[in-house]
Amino acid sequence: MIALLFLSSGLFLGWSLGANDASNIFGTAIGTRMVRFKTAAIIASIFVILGAVISGSGPSQTLGRLGEVTAVAGAFSVALSAGLTVLWMTRTKLPVSTSQAIIGGIISWSIFAQVEPEWSILIKIVFSWFLSIILAAIFALILYHLIGKLVAIIRVHLFRIDLYTRLGLIAVGAFGAYTLGANNIANVVGVFVPSTELSNLVIFGLSVSAAQQLFFIGSLAIALGIITYSKRVIETIGKNVIKMTPQAAFVAVLAASLVLFLFTSRSLESFLLSRNLPSIPLVPISSSQVIIGSLVGIGFAHGGRGLQAGPLLRILGGWITTPIIAALMTYGVLFLMDNVFGQSVG
Amino acid sequence: MQLFKKTKLLESKMDEFIDITSESGMIFFEGVQRFTNKEGEKFDRSLKKIRELEHRADNLRRTIETQLYLETLIPESRGDVLALLETTDVVINAIKETMVGLSIEDPHVPDQFKQAFIALAKVVSKTVDEMAKANRSFFRNPLAVRDHLNKIHHFESESDQAAEDLNRLIFRSDLSLGEKQQLRYFAKRIDRIADRAEDVADRLAIYTIKRSI
């Protein structure tokens, strides 16, 4: 029961992630009325859970290597502070990402618990944030041109393009939800993995690790966020975000999902390493920022028309403010936990 | 599978609508030829055919429009496609109305104007045919639309010229002022069909640019 109480901060973070980030995957598809919300919510929920349980371990281990929060009260403080940071920054309309908030929280815990964080891992993570946006822009640029050329060559009827785009949006939405679950579950419950008291389970002959059980619970929270609150977020965003054609939306989501996949897939990592190629670090990245990277790529595909430096500068600003706010908040919560509630945090 | 079937059916309806546009142009040319050659029965057959085509086009337009709205298809281009259907339908209506006008008023076309009327109807028919091709390209191959649009503009100019030449001939003749006015009226009505086809072309030019963005 106490364990579940401590885990509640992670679940709150998961709910908030589901509510906010589902719009990155299905927002435009619903906004352009290509896909119904109900369909999108069901698909997103199922695939988020599958992604988290099947492929969530990579980015989670990277977070663990940055700073292994061994006390459950410490993990609770980090997740709670990250969740509150995300909530507060969203409410004040500041750009925010759970990935950046959780990193700030872990660094703050390391300082509080006087554990030396792995600075090389931190550098790797920050580098990955840059890389993810650049890769998303490049992928979107290439995909946009390829799809444009393909449509021109095969001369598909406008109505058929519409049908293919709808099916494509659902397919990339499912893929996007899978990669979102796999990549971002680390933010939600990754911090609890070292301190979990859960033991391995065998269900129908399949071994389910303690981490996978945590990922399943965390992904349920994400799914709940998608079902209960993402519609409101999508409706709000739909009114403000630049108008996009369904085809451009397909490219943006596909590019973003591929990038999320690159930063999540263990098999891809071992494939690259086995061929002595530089591997992509398995790191939790921000789906919102990757989508913005994709949109920049589509903007370049149009010859740079309509591109604005504003969103990118806001992302960069968020990289600095989010970890700092999360770190300060975590330090305060850890101090309270340690000195007022007498809980061991590290 | 159901989705694929529905889409295919809608595609075939749109193709049929465009076929009707093209066929209307040809029937119109045939009808004017028959009228000026004073082949009354044959002209009536052309008129009957045009009425059927116009009725069929109206039904198809309504079915396509309803389906596009009910199934929220092509949300980005729906407005454009609906406007395209409406303006194309205006061309088919103009063809039918002109033929009906010829049938009701039955103007006397002296032999000296016969070739000029046929020439005008021919270039109008070419404009309508090119408009149908442009419409078809818009749905399947937007890159080719521009070529058809250039031809439409060219044929429309030719139609203006043919109508002007015909009017000059009419007003230099010994016909009574009433007969001159009546022939001029029909020359203008025929030329107007090409103008309406050019209206479709102007819209298509914008819609094609929108599709490429």
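Reading chain B from its N terminus, the order of elements is α-α-α-α-α-α. In this predicted model, chain B therefore counts 6 helices and 0 strands under the run-based assignment of secondary structure. The radius of gyration of chain B is 19 Å, close to the 17 Å given by the globule rule for 213 residues, so chain B is as compact as a globular protein of that length.

Helix α1(B), covering residues 2-36, illustrates the geometry of these elements. Its 35 residues should span 51 Å at 1.5 Å a residue, and the end C-alpha atoms are indeed 51 Å apart, which agrees. Just after α1(B), Lys38(B) adopts a positive phi of about 60°.

One residue of chain B may be followed in more detail. Ala194(B) belongs to helix α6, residues 177-212 of chain B. Is Ala194(B) buried or exposed? Ala194(B) has 28 other C-beta atoms within 10 Å, and because a count of 20 or more is required, the residue is classed as buried. Apart from neighbours within four places in sequence, the contacts of Ala194(B) are Val124(B), Thr127(B), Phe155(B), Glu156(B) and Ser159(B). Leu120(B) is 74 residues away from Ala194(B) in sequence, yet the two C-alpha atoms are 9.9 Å apart in space.

Chain A has a mixed composition, with 12 helices and 2 strands. From the N terminus, its elements follow the order α-α-α-α-α-α-α-β-β-α-α-α-α-α. A compact globule of 346 residues would have a radius of gyration near 20 Å, and chain A has 20 Å, which agrees.

The table sets out overall values for each chain.

| Chain | Box of C-alpha atoms along the principal axes | Buried residues | Contacts joining residues at least 24 apart, among those at least 6 apart |
|---|---|---|---|
| Chain A | roughly 70 × 50 × 45 Å | 56% of 346 residues | 86% |
| Chain B | roughly 65 × 35 × 20 Å | 42% of 213 residues | 81% |

Within chain A, helix α9 comprises residues 246-262. This helix has 17 residues and reaches 24 Å from its first C-alpha to its last, close to the expected 24 Å at 1.5 Å a residue. How many of the 17 residues of α9(A) are buried? The count is 16, so α9(A) is largely enclosed by the rest of the structure.

The confidence of the prediction can also be stated for chain A. Its mean pLDDT is 86, and 95% of its residues reach 70 or more. Among the elements of chain A, helix α2 (residues 37-55) has the highest mean pLDDT, 95, whereas strand β1 (residues 201-203) has the lowest, 80. As a general caution, predicted coordinates should not be read in detail where pLDDT is low.

The two chains also touch each other: 13 residues of chain A are in contact with 14 residues of chain B. Which element gives the most to the side of chain A that touches chain B? Helix α7(A), residues 158-189, does so with 5 residues. By residue type, the side of chain A that touches chain B divides into 6 nonpolar, 3 polar and 4 charged residues.

Definitions and conventions:
Residues numbered from 1 in each chain as written. Chains lettered and ligands numbered in written order. Predicted model: local features only at pLDDT ≥ 70, side-chain atom pairs only at ≥ 80, totals over all residues. Helix = DSSP H or I, 4+ residues; strand = E, 2+ residues; numbered from the N terminus. Expected span 1.5 Å × (residues − 1). Buried ≥ 20, exposed ≤ 12 C-beta atoms within 10 Å, placed from the backbone. Contact = placed C-beta atoms within 7 Å. Nonpolar A, V, L, I, M, F, W, Y, C, P; charged D, E, K, R; others polar. pLDDT = per-residue confidence, 0-100. Rg over C-alpha atoms; globule rule 2.2 N^0.38 Å.
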